[in-house]
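Here is a short briefing for a first look at this structure. Keep the sequence and the 3D view open as you read.

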Amino acid sequence: MTAYNRFFEDAIKSLHAENRYRVFADLERIAGRFPKAIHRDAGAAKEVDVWCSNDYLGMGQHPLVLSALTQTACAAGSTAGGTRNISGTSHPLVVLERELADLHGKDRALVFTSGFVSNDATLSTLGKLLPDCVMISDEWNHASMIEGIRRAGAEKKIFRHNDMAHLEEILAAQPHDRPKVIAFESVYSMDGDIAPIETIADLAERYNAMTYIDEVHAVGMYGARGGGITERDGLSHRIDIIEGTLAKAFGALGGYIAASAAIVDSIRSYAPGFIFTTALPPAIAAAATASIRHLKVSDAERDLQKARVAETKTALDAAGIPVMPSETHIVPVFVGDPEACKAASDRLLRTHSIYVQPINYPTVPRGTERLRITPTPLHASEDISHLASSLAEVWETLGLAAALPQTLAGPAPAVGVKRLAAHAAGG
Ligand SMILES: *Cc1c(COP(=O)(O)O)cnc(C)c1O
């Protein structure tokens, strides 16, 4: 065994050498006091402000969600008891899938154990079911989509991020009747920009392609009922498959697709990543349903979040912190160097009791390393001013740049080429 260990030690060494070694913080979220958490390090524990959670609206501690979770766990137990094939579908999961189909105005929805699995299982199965299919993918797509497309075994084409001329060029080069799937996201979570969904739908129609959108960072948050950017812009009916997560704004766990009955039935019947794994526990399904139902009728969380995001951007600008342009709730702060990014994050935690994870390559292109800040409705104004003054101290102490580089100062970051290379290498 020891002889084999060497390979693993070398694998880890190379990550260290490239500044890509990931360290996970020991954090304990405090229900009822989000965004506060307890951070434990070297035997010491202290309370910190979390500024990078994907529990975007704080629904992970909402009383309606917690009571659905605990009541269902007490009534139905902790596990689904098996795959859906073996144990049937727990009733809370039946209800959840109806809720999701309604949320997106689709015939049906199908729930997976995570958003990652929903992308991987659905895209890989689409590529296998559609004869001689070509998968056309935005270069910034999430790792789960890249993985699904890779496993589809179909031909793959990558278009430059949100570049409609490039997408059209790829589509136009294909025979009209050859099956094509365009896979993209609505909100890109590292830069906070949004895809031109309507143009993509128009191109798909003109060139006879299917459309697959990842709305993971938008569901619960955009649209009058939380149906995402497709709902906000009245475009749900123009997209064939809408994919989302229950684990971010909805504050639970799991992923899903919503689509026509035939598509959902096919994925249900053919995707190994759906079939051969234990279903979500009923309590989690009930928690997700409670969250979705609440966010269908309540704008309070969305409105307050938007206000906090605006307040945070203003406070950071005023403090001389280089906020990257973002159209959404994501507030990326530019650092541009992996070691400096890690050092800034460490200092925030150690000196200021603020937790923000450094975002380095390969999650973002080299040279665009950043802190990705996600204000929620539960961050108070005092938390925001504490964040701004702490960042200012860290920027000053570490001598970080206050200005954005020229390539990032415009509305569309010109980092496409590097990202394209990363995507090609990863997939
Ligand atoms: C987080 C994420 C996923 C995966 O969702 P999980 O439910 O966390 O597995 C998929 N797509 C994008 C764009 C994501 O950021």
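The points below cover two helix contacts and one sheet.

The model is predicted. Helix 5 (residues 115–129) is the starting point, with helix 6 (residues 143–152) and then helix 10 (residues 261–270) as its partners. A sheet of four strands follows.

**Helix 5 with helix 6**
- The two axes come within 7 Å and cross at roughly 25°.
- Angles under 35 degrees count as roughly parallel, so helix 5 is roughly parallel to helix 6.
- The crossing of helix 5 past helix 6 is right-handed.
- Helix 5 brings residues including Phe 116, Asn 119, Asp 120 and Leu 123 to the contact.
- Helix 6 answers with residues including Met 145, Glu 147, Ile 149 and Arg 151.
- By class, the residues of this contact are six nonpolar, five polar and four charged.

**Helix 5 with helix 10**
- Here the axes come within 10 Å and cross at roughly 100°.
- Helix 5 and helix 10 are therefore roughly perpendicular to each other.
- From helix 5, Thr 122, Thr 125, Leu 126 and Leu 129 take part.
- They meet Ser 266, Ile 267 and Tyr 270 of helix 10.
- This contact has four nonpolar and three polar residues, and no charged ones.

**The sheet**
- Four strands form an open sheet in the order 1-2-3-12, and the pairing is mixed.
- Strand 1 (26–29) and strand 12 (354–355) are the edge strands, each pairing on one side only.
- Strand 2 (residues 36–41) and strand 3 (residues 44–50) run antiparallel, joined by six bridges.
- Opposite Asp 41 stands Ala 44 in strand 3.

How values were computed. Residues are numbered from 1 along each chain as its sequence is written. This is a predicted model: local features need pLDDT of at least 70, side-chain atom pairs count only at pLDDT 80 or more; totals for chains, interfaces and linings use all residues. Side-chain values use heavy atoms; hydrogens and water are left out. Axes are lines fitted to C-alpha atoms, for helices over the stretch in contact, and angles run from 0 to 180 degrees between N-to-C directions. Helices (H or I, at least four residues) and strands (E, at least two) are DSSP runs, numbered from the N terminus. Angles under 35 degrees count as roughly parallel, over 145 as roughly antiparallel, 65 to 115 as roughly perpendicular and the rest as oblique. A crossing is left-handed if the near helix is turned anticlockwise from the far one by less than a right angle, and right-handed if clockwise. Contact means heavy atoms within 4.5 Å. Ala, Val, Leu, Ile, Met, Phe, Trp, Tyr, Cys and Pro count as nonpolar, Asp, Glu, Lys and Arg as charged, and the others, Gly among them, as polar. Two strands pair if DSSP finds at least two bridges between them.
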